[in-house]
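Q: Could you take me through one part of this protein slowly, as if I were seeing a structure for the first time? I would like a close look at the nonpolar core, and then a short tour of what lies around it.

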Amino acid sequence: MKKIFGLVGLLLLGGFAQAEQWNTPALQRMMQEWDSKLEKMELHLQPAMRRAGVDMWIIMSREFNVDPMLQMFGDFGISGWYGHRNAYIFYDAGGDAALERTLIGTHQSGRMQEFFPTITPYGEEGLIPHLRDYVRARDPQNIAINTSRTVSKADGLTAEMKLILEEAVGKPYVSRLTPAQDLIFDYISHRTDKELAIETDASWRTWYILRRAFSNEVITPGQTRVMDVYGFIVQAWQDQDLEFNFPPGITIFREGVTGGIDDVENPLIEAGDILHVDFGVRMMGLVTDQQHVAYVLRDGETQPPAGLTELFAQSVEVARIYAEEIRPGELGTQVKETIESRASDLGIAAAIYGHTQGNWVHGAGARTVYDWPERYGKFATEPVRESEFWSIEFNVSGEVAEWGGQKVTIPREEDAVAQANGPAKFLAGPQKEFWLIRSGD
């Protein structure tokens, strides 16, 4: 094994199969993430390359400008450092040959040999001659590279690193370069049982943080401000050593007020308010994305007004329909149209805008959105894939008599996983009624 540099490398010596060997929860999580990503690569990468018609995939990266896809093959704090100019190469020789995994670069932890058994360092001569020799010795017919017009996580190859790659491979291999976008979509969507366990745990943690935030544990109407709730959520995820995904967004919908009042204004929370939050965490490389709503009871109320209760019941029905329509093979934009049509037939005004999630909050896969190529690229016309993680995101709106006929919108979002047979499965929840916050004693 190559020399392992630094304290991280010293800690990681000795294997990671049994998490109980590691002496802190942080290290246990780190090694569980490593184990999950390694298993995924060994199970799914070579089949995904073959389905994509790719026999070589080269990820070019450098220090301080890291290709997003490298987080799938190790990550910060696990694999050590990213060097001056590095090439991470997967090569499929075909037949029964195992996938060849090679790293050419500098500043590499020996732990990376779990992902790349061959690590070739370079010195003053630089990366180019090593990469040239490697490619020409294998004569690949299709070389996937990370370039994409609209998919950011598939567009990690910088302009300068592409020039270096083209100089290294030369003719005729420059003409064999092809975008890795389809390969990336396919690879990421094939979730393992270990990934599902992590995602489910993270989803319930998110759920309970938000459930506590929208309760009388945190909120006293007339005294608590929106940023007090914001602060509780931030502290709660940090207390659990969860990683940053995106900050909480909290909005108040109030009778007599058009639109929402957001956390920038930091209003007091009052009786009769609807509270909405959008928040997710990151844990062991996987993310959540949830939106929940609560109602602040007025004095003497035990339930929200009937119009609001009915509107929320409509959101529950749309969530059910949405889960039914997340079926493998269906295109994202078609799913949107089908859900909105089914909701309309029931007299429900629903707007559907969900997406896959997982390693990123807006994942590498289908989105139930309009087919706007310059905004959504291939996301709208990607098919749903079995086992991928989903944000079931939408809203319902309608006029509420008790609010003087005011139009009210209820935004919703739940974590789910697509299944081969039957509807998508919610990972936590789903929320089936307003969370209630009492006023007064």
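A: Here is a walk through the core, followed by some other spots in the chain.

A word on the source first: this is a predicted model, in which local features need pLDDT of at least 70 and side-chain atom pairs count only at pLDDT 80 or more, while totals for chains, interfaces and linings use all residues. Residues are numbered from 1 along each chain as its sequence is written, and side-chain values use heavy atoms, with hydrogens and water left out.

Let's start with the whole chain. Its secondary structure comes to ten helices and 17 strands; these are DSSP runs numbered from the N terminus, with helices being H or I of at least four residues and strands being E of at least two. Of the 441 residues, 55% are buried, where buried means under 20% relative accessible area, exposed means over 50%, and partly exposed is in between (1.4 Å probe, protein chains only).

Now for the core itself. A nonpolar core is a set of buried Ala, Val, Leu, Ile, Met, Phe, Trp, Tyr and Cys residues joined through side-chain atoms within 4.5 Å. The largest one here has 40 residues, and Leu-45, Trp-57, Phe-73 and Phe-90 have the most contacts inside it. Two or more residues each are given to this core by α2 (25–51), β1 (56–61), β2 (86–91) and α5 (181–189). The largest share, eight residues, comes from α2. In soluble globular proteins, nonpolar side chains tend to be buried together.

Leu-45 is a good residue to zoom in on. Contact means heavy atoms within 4.5 Å. Leaving aside neighbours within four places in sequence, Leu-45 is in contact with Trp-57, Phe-73 and Phe-90, and also with Lys-40, Leu-99, Leu-183 and Tyr-187. Across the chain, 68% of the contacts between residues at least 6 apart in sequence join residues at least 24 apart.

Next, look at two charged side chains in helices. Lys-336 lies in helix α9 (residues 332–345) and counts as buried because its relative accessibility is 5%. Not counting neighbours within four places in sequence, Lys-336 is in contact with Ile-352, Thr-368, Val-369 and Tyr-370. Arg-205, in helix α6 (residues 193–213), has a relative accessible area of 25%, so Arg-205 is partly exposed. Setting aside residues up to four places away in sequence, Arg-205 touches Arg-29, Gln-240, Leu-242 and Met-283. Arg-205 and Gly-280 are 75 residues apart in sequence, yet their C-alpha atoms are 9.5 Å apart in space.

Finally, visit some loops. Most residues other than glycine have a negative phi, and most peptide bonds are trans. Even so, a cis peptide bond with omega of about 0 degrees joins Lys-171 and Pro-172, and Pro-172 is in the loop between α4 (159–169) and β6 (177–179). Gly-429 and Pro-430 are also joined by a cis peptide bond, with omega of about 5 degrees. Pro-430 sits in the loop between β16 (425–426) and β17 (435–437). His-107 has a positive phi, near 55 degrees, and is found in the loop between β3 (100–104) and β4 (118–120). Asn-266 has a positive phi too, of about 50 degrees, in the loop between β8 (260–262) and β9 (274–283).
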